[in-house]
Amino acid sequence: MKKIIVLGLSAALLAVLASCGSNPEYSSSSSSSSAQETSQTKASDTTDTDFKVSVDDAIEAYQEAYPDSEITSIDLETSLGKYLYKIEGVDDDKEYELRVDANTKAVSKEREENLDTEDQAGVKRTEDKLDLQDLLSIKQVSDIAEEHVGDGKATDWSLDKEDGTTYWEIKVTNGNEETEVKIDAKTGEVLETDVDD
């Protein structure tokens, strides 16, 4: 009886060892993190800032969808391995969100909802409207941010407004360190730097 138990335990142990294999990269937790690293690598490989769809093209796509509204923010970020512009805007009564693929210009409407009462009648429209004239390109602000940081690659971009200044906020990633650089969207002046390591 003891021999059967010992043999059974030995067989079970061998089965567990065989399923683990000699290479720890193939365990279930390692393979999922390996797949995650691969998708992150692919995303970072495409951040050469040479997108087929420019910011101006994305703005045009938004304005075609919502011609009587103002743009209040633009983000260019990766989602499921591809870069998308997320554009938000408002008119006197509603707020809108539109996504534009940065390589194909495919458009998807994400959200359309009524503004809160205090934001209606042009209040939010006037406060949050971005000045979209003479914007620096993604490539230009990426070069400025990367040069300012010294090492790393621009991976995310946001166009926003504060105290009347329309600015780009660029995330520059170098390993585990991320630096956010705010740059005046028209002049290229570095306004602020924030390091998160």
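The paragraphs below lead through a predicted model, beginning with its nonpolar core and moving on to a helix, a group of aromatic rings and two loop residues.

The largest nonpolar core has 34 residues, and among these Ile 74, Tyr 85, Trp 157, Trp 168 and Ile 170 touch the most other members. Two or more residues come from each of the helices H3 (55-65) and H5 (138-149), and likewise from each of the strands S1 (70-79), S2 (82-90), S3 (94-101), S5 (153-162), S6 (165-174) and S7 (177-184). Helix H3 gives the most to this core, with 5 residues. In soluble globular proteins, nonpolar side chains tend to be buried together. Ile 74 offers a view of this core from one residue: apart from its neighbours within four places in sequence, Ile 74 is in contact with residues including Val 55, Ile 59, Tyr 85, Leu 130, Leu 132 and Trp 157.

Helix H5 can be followed from its length to its packing. Its 12 residues, at 1.5 Å a residue, should span 16 Å, and this agrees with its end C-alpha atoms, which are 16 Å apart. The buried residues in H5 are Ile 138, Val 141, Ser 142, Ala 145 and Glu 146. Because these residues cover an arc of only 130 degrees around the axis, they lie on the same side of H5. An α-helix has 3.6 residues a turn, so residues three or four places apart point the same way. The buried residues of H5 pack against H3, S1, S2, S5, S6 and S7, and after the helix comes Gly 150, with a positive phi near 105 degrees.

The whole structure holds 5 aromatic pairs. One of them joins Phe 51 and Tyr 83 in a tilted arrangement, with 5.1 Å centre to centre and 55 degrees between the planes. Since Phe 51 lies in the loop between helix H2 (28-45) and H3 while Tyr 83 lies in strand S2, the pair ties together parts that are 32 residues apart in sequence. Phe 51 also pairs with Trp 157, and here the ring centres are 5.7 Å apart with the planes at 85 degrees, so the pair is edge-to-face. That pair links distant parts of the chain, as Trp 157 is in strand S5, 106 residues apart from Phe 51. Phe 51, Tyr 83 and Trp 157 form one aromatic cluster; Phe 51 and Tyr 83 are both buried, and Trp 157 is buried at 1% relative accessibility.

Two loop residues remain. Leu 80, in the loop between S1 and S2, has a positive phi of about 55 degrees although it is not a glycine, and at 87% relative accessibility Leu 80 counts as exposed. Lys 105, in the loop between S3 and strand S4 (107-114), is not a glycine either, yet has a positive phi of about 65 degrees; at 33% relative accessibility, Lys 105 counts as partly exposed.

Conventions
Residues are numbered from 1 along each chain as its sequence is written. This is a predicted model: local features need pLDDT of at least 70, side-chain atom pairs count only at pLDDT 80 or more; totals for chains, interfaces and linings use all residues. Side-chain values use heavy atoms; hydrogens and water are left out. A nonpolar core is a set of buried Ala, Val, Leu, Ile, Met, Phe, Trp, Tyr and Cys residues joined through side-chain atoms within 4.5 Å. Buried means under 20% relative accessible area, exposed over 50%, partly exposed in between (1.4 Å probe, protein chains only). Helices (H or I, at least four residues) and strands (E, at least two) are DSSP runs, numbered from the N terminus. Contact means heavy atoms within 4.5 Å. The expected span of a helix is 1.5 Å times one less than its number of residues. The arc is that of the directions from the helix axis to the C-beta atoms. Rings of Phe, Tyr and Trp (its six-membered ring) pair if their centres lie within 6.5 Å; planes under 30 degrees apart count as stacked, over 60 as edge-to-face and the rest as tilted.
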